[in-house]
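Hello,

Here is the structure I promised to pass on. Please have a look at it first, and then read my notes below.

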Amino acid sequence: MALAASSSSSAILGSVGSHDLNAAKISSFQRLNQPVILSASSNVIHGQSWMKPISADPKRSHAMIPFAATIAAPEVLGKGETEVVEDYDKLAKDLESASPLEIMDKALQNFGNDIAIAFSGAEDVVLIEYARLTGRPFRVFSLDTGRLNPETYAFFDTVEKHYGIHIEYVFPDSVEVQALVRNKGLFSFYEDGHQECCRIRKVRPLRKALKGLRAWITGQRKDQSPGTRAEIPVVQVDPTFEGMDSGVGSLVKWNPVANVDSMDIWNFLRAMNVPVNSLHSQGYVSIGCEPCTRPVLPGQHEREGRWWWEDSKAKECGLHKGNIKQEEVPELNGNGNGAAHKNGTAAVTDIFNSQNVVSLSRTGIGNLTKLENRADPWLVVLYAPWCRFCQAMEGSYDELAEKLAGSGIKVGKFRADGEQKKFAQQELQLGSFPTILFFPKHSPNPIKYPSEKRDVDSLTAFVNALQ
């Protein structure tokens, strides 16, 4: 975990000025006068108390200094002063339409030296740029898992030089990493999932580091991950981790870009000439550890490049577990064209509804797998209608079905989530959604489509090679 202190002259405290941060959008930015920095004790803000600005050490320390060792002692309330307990649910609603710059300024103002920006080495560099624009001192931290891409390490160095900051890193416990690797090897996550490795290399180091803070700032956005981050507030009491005061409610989590989509983030980065990770130019969008990250293709969701061998709804490492929105698995209604919860309310609309795509029941696809000599070959997609990756390929799959109509090749779909998932995993080679299978005419075993390229031409080449 890394801390960085900004060292510009604008970090010096000045008089309170009136300014409208709502007006600070991508097209124009306003240099802020330095308002009073209020000290904060987790959910408590003191009135009229001052905090000294952070002074950047001109030389990098070779020793890892825990967060708690860098935190100034809390202010003591003066006579007549009262504590104001912040209602973060209300604050989140008040800031829902605020600009990221205003949210960032509010966070830094309220928590001063007790808050730090979480920086992963991807497009969340936007957080550092917003912090710079507030004119306030700020701190940055980062987790070094030991498995990052070389380009990410180089990017850390570029960011330090660009902003004049020093990043200090928190590393996983070496004994835990050694035990994991010796017992399971370097790539066990390909066999039994990524959660154990992420827990050792990311979650536990983060938990330890956050114990030295009262608040942290993340780059989470609502559009980042299917089914998990759709309800992220711009500020909240952290539901997962604890801060320096320990206990529930001792840590506040700020998400300034929660309501900003990816395109606007990148427009802003280009407009401000912010340096970016060179992996982005190679097709990487969401960037994590090297063995678990790969480029995505046009039309694929950014999170499809992470842990691609797993279910699309499991693409979280655990750092933001408290923000994961668990979606109830819906049931298909009578006509198979929509979905409804048991109470009758609308839930998820079904996909692949082309007249050229046959909807298979469990019995139907079960019979298809048992046939050694089929009258016709079949192409079947195993899908879940809530999966954004499935949604992204709906157009190309429907177009392919239209193209193959009358060719003697049947095109079908089988909904493989919910109660059907275990069956699909055991009998149909389901790894993650979508999974595409080709059932040859004279072969009992289906052939799994191995590529992430789901455009019409790639799928057609696959079918033509096997029919």
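Helices and strands here are DSSP runs, of at least four residues for a helix and at least two for a strand, numbered from the N terminus. Please keep in mind that this is a predicted model.

Let me begin with the backbone. Most residues other than glycine have a negative phi, and most peptide bonds are trans. A few places here depart from that pattern.

Ser246 sits in the loop between strand E8 (235-237) and E9. Although Ser246 is not a glycine, its phi is positive, at about 65°. With a relative accessible area of 38%, Ser246 is partly exposed.

Asn273 also has a positive phi, near 55°, and is a residue other than glycine. You will find Asn273 in the loop between H9 and strand E10 (331-332). Its relative accessibility is 61%, so Asn273 counts as exposed.

Then there is a cis peptide bond between Phe433 and Pro434, with omega at about -10°. Pro434 belongs to the loop that runs between helix H13 (421-427) and strand E15 (435-439).

Now to the interior. The largest nonpolar core contains 47 residues, and Phe119, Ile217 and Trp254 have the most contacts inside it. Several elements each supply at least two residues of this core, among them helix H3 (100-111), strand E4 (115-118), strand E7 (215-217) and strand E9 (252-254). Helix H4 gives the largest share, with 7 residues.

Ile217 is a good place to start when you look around this core. Setting aside neighbours within four places in sequence, Ile217 is in contact with residues including Met104, Leu108, Ile115, Ile117, Leu127, Trp254 and Pro256. A second core, separate from this one, has 40 residues, and Phe352, Leu368, Met393 and Phe462 are among them.

Last, the cavities. How many of 30 Å³ or more does the structure hold? There are 4. I looked at the second largest, which has a volume of about 110 Å³. Its lining includes Arg147, Phe189, Cys197, Cys198, Arg201, Lys202, Cys289, Cys292, Arg306 and Trp307. Helix H8 (residues 195-210) provides the largest share of that lining, 4 residues. By residue type, the lining of this second largest cavity divides into 7 nonpolar, 1 polar and 4 charged.

Happy to go through any of this with you.

Best wishes

Note on methods:
Residues are numbered from 1 along each chain as its sequence is written. This is a predicted model: local features need pLDDT of at least 70, side-chain atom pairs count only at pLDDT 80 or more; totals for chains, interfaces and linings use all residues. Side-chain values use heavy atoms; hydrogens and water are left out. A nonpolar core is a set of buried Ala, Val, Leu, Ile, Met, Phe, Trp, Tyr and Cys residues joined through side-chain atoms within 4.5 Å. Buried means under 20% relative accessible area, exposed over 50%, partly exposed in between (1.4 Å probe, protein chains only). Contact means heavy atoms within 4.5 Å. On a 1 Å grid over the protein atoms alone, a cavity is a set of points where a 1.4 Å probe fits but cannot get out, and a pocket is an open set with protein on both sides within 12 Å along at least five of seven lines; lining residues have an atom within 4 Å of a point. Grid points are joined across faces, edges and corners, and a volume is the space filled by probe spheres set on the points. Ala, Val, Leu, Ile, Met, Phe, Trp, Tyr, Cys and Pro count as nonpolar, Asp, Glu, Lys and Arg as charged, and the others, Gly among them, as polar.
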